[in-house]
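Trainee: Please take a close look at the cysteines of this model, and then set them against the rest of the chain.

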Amino acid sequence: MAYHKVNADQRAQGHSPYLDNDDLQATALELEWDMEKELEEPGFDHFRLDGAVQHHLGNSQSPDLDLEPIQPSASPKGRFQRLQEDPDYISHYTRQAPKNNRCNFFQILKVFCTALIVFIFGIVIGYYSGKKCPSPPASPEPNNPHTYLEILKEIKAENIQQIYRDLLQFSREDDVDTAMKILVQWTSYGLEDVQLVNYSVLLDLPGSSSNTITLKNSGECFYPDGQQCNRGTKTLHSQDLLNSYAAYSAKGTLEAELVDIQYGTIEDLIRIQAITNVTKKIALLKLGQSPLLYKLSLLEDAGFGGVLLYVDPCDLPKTTDLADKAFMVSLNSGGDPSTPGYASIDGSYRQHRLNLTTLLVQPISAVLAKKLISVPENSVRKDRCVPLQLPSTEKKIISLNIQSVTTYRTISNVIGYLKGTVFPDRYVLIGSHHSSLNTSSGQEWASSTAIITAFIQALMLKVKRGWRPDRTIVFCSWGGTSFGNIGSYEWAEDLKRVLQRNVVAYVSLHNPVRGNSTLHPIASPSLQQLTAESQSFNCVEKTKCPGSNVSSVQIQGDSDYFINHLGVPAMQFSYEDINKSENSSFLSEALFPVHATKTEELDPSFKLHETIAKLTGQVTLQIANEPVLPFNALDIALEVQNSLKVFIGDKVDASQLLAVASQLRDTAELFQSDEMRPANDPKERAPIRVRMLNDVLQSLEKSFLVQQAPPGLYRYLLRRGKCRPKGAGERRALTFAY
């Protein structure tokens, strides 16, 4: 028997596409009909649908059947019609088990087998790769002194000397060429990330001929070093004469009376203005005692037209012989003068300023100063030195001719990174500088670059054996230093936000060997204890390594932006011939020509260079690797107290300020005992707490930055000169910045 679902009103035979559908047929056959008796009849296993005979009719002329959806019925009666049984029927349909369950089973089996194969294959690969490529050995304890010794013992005097002599072979005509060769050298030692960063900046270069000073009383013409103007002298010392100038000074010629104002303090100006009119006159000014730019700003406000700048022989160390040498100074407070306060990058607005002052400024030698004021040769006595001074009765008229060329040039910085493993986002900067366009600095840059290169060489030997610092060390060789620290300023202005947040400390190598008599360490207050302790670590000659004589005076050179704009703690080791006179401060602003022979004379064995390299390396490694930064908050509080006593003076009622400073000291002592000591104990050390503590230590000195300061003075309050202001006017001016 066979059953066919049809419309109740239309019983005509016809082809329906719905009936050819296997799923529909299967659904119809699976209905729970109550037809047990008919299902038992013989021949029921073979039945044929009526529509099957019309399967090939295609376009049937019979009207389309109005088929309704098949609805399950509880009764076999109703809308079903019994069909005639066909004995010759051969069933074209046999009932099969549903396909979905079978497909799902095979899919699950396939996924399981694939996952099993991949898992086994991964185990095999991991086993053999681990066997062939063992993990690098764990680095030793970062604060292990033995690790530092292994690194520093690779720094040798002969290596520094060889690097120094190789550097002197570099062409100094183009700053970019010199920087590129330094980059290649650092890369050859294994420093993997080294970059060359270029900036187009405004420089004030020497003119084609030397500046001259003419004494109108006698008609004599002199070059800045004191020699008379003639072709032979100019040919013999042409380069030194050209580089004896003040960068960014006003240009032109000025004929006026010479007025001796000594060191240019406020008291000196008051005294001179009381006896003469200084408008458009030429000041004879001694370098030292206070910053040059500060003194020039006072002279400019007073109405002077020009300045002859010199160094009094009484302020120089006895071991030096610079009386007959002129020098170079820069009147640029820092960075590219055409982009003050922002980086000289593509698209920056530029201010084309030919000069940074209205004064015609010319450095001269002490020999020429003596000739101008007619000092006899026996003025310097064996028992004591008599400072130079123009007699008040003499009137000298001089003509000052200054010519320099302002132009845009490209300067380059070399920046190399050694990434840290624990705190890679915290940077310890160590900076030197390289040659810049045949300036008066001569060959002194080679000492600075040779030391930092030797340290990189020793450090990378340890890195190749699997060691790395905890914090990232950034090696910097700056360009444009003698023109006002232009390279460091532009790089720091370009990355100011990142550096302000991430720089931990700056270690300076600016002019590391300026003499051979005394080791002179300088450090920010928070780094003074570390600097003092490091001196006993390695000294070649014990007599030249004082135990704790660490100064907090301003560090000259490229650390300026990091100290005075970012509030970064900084330190520096250098060998100098120091005059303990208070007038000798700020003499380093004068850039005397230094030749290779002079450096070899100061340190023929390069042992002093080795000492500076090891001391600098020791401090750098400790800052980069100690879990807790080795900064001392108590020293900051002590420095605040000392600064108040120095700059406020005895006549000013500072009881309230001193009381606040005393409270700061008590708080610092509590901080040292309650926070620093537990953090330095490995058993009590919690990583999150150490990170928070380091962030506090890193930001301590940022609290002593002021928004603005007078020209030449420092925005960082705890950096000062060695001298104490003498007069009330000077004290008021300097207190304004502090």
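Mentor: A disulfide is taken here as a pair of cysteine sulfur atoms within 2.5 Å. By that test the structure holds one disulfide. This is a predicted model, in which local features need pLDDT (the predictor's confidence in each residue, from 0 to 100) of at least 70, side-chain atom pairs count only at pLDDT 80 or more, and totals for chains, interfaces and linings use all residues. Residues are numbered from 1 along each chain as its sequence is written, and side-chain values use heavy atoms, with hydrogens and water left out.

The bonded pair is C221 and C229, with sulfur atoms 2.1 Å apart. The angle about the S-S bond is -65°, and the link of C221 and C229 is left-handed. Relative accessible area sorts residues into buried (under 20%), exposed (over 50%) and partly exposed (in between), using a 1.4 Å probe and protein chains only. C221 is partly exposed because its relative accessibility is 24%, and C229 falls in that class at 29%. Two further cysteines can be placed on this scale: C113 is partly exposed at 36%, whereas C476 is buried at 0%.

Around these cysteines, the chain has 22 helices and 18 strands, which are DSSP runs numbered from the N terminus (helices H or I, at least four residues; strands E, at least two). Of the 738 residues, 51% are buried. Contact means heavy atoms within 4.5 Å. Among contacts between residues at least 6 apart in sequence, 82% join residues at least 24 apart.

Helix α13, residues 486-494, shows the covered side of this chain, with eight of its nine residues buried. Among the buried ones are Y489, E490, W491 and E493. Their cover includes strands β3 (193-206), β13 (404-418), β14 (423-433) and β15 (471-478), together with helices α14 (496-502) and α16 (560-564). A single buried position can be read in the same way. T620 belongs to helix α18, residues 607-625, and counts as buried because its relative accessibility is 0%. Leaving aside residues up to four places away in sequence, T620 touches V428, I430, F455, I473 and V507.

Two buried loop residues that are not glycine have a positive phi. Y248 has about 70°, sits in the loop between β6 (246-247) and β7 (252-260), and is buried at 0%. N511 has about 50°, sits in the loop between β16 (503-508) and β17 (518-523), and is buried at 8%.

On the outside, the accessible surface of the chain is about 36000 Å², 53% of it from carbon and sulfur atoms. V124, at 39% relative accessibility, is partly exposed, and is part of helix α3, residues 100-132.

As for confidence, the chain averages a pLDDT of 78, and 73% of the residues score at least 70. Residues 1-87 are below 50, and this stretch has 82 contacts in the model beyond near neighbours in sequence. Residues 132-142 also stay under 50, with eight contacts beyond four places in sequence. Where pLDDT is low, the predicted coordinates should not be read in detail.

Terms used. Accessible areas come from the Shrake-Rupley method with a 1.4 Å probe; for residues, only the protein chains shown count as cover.
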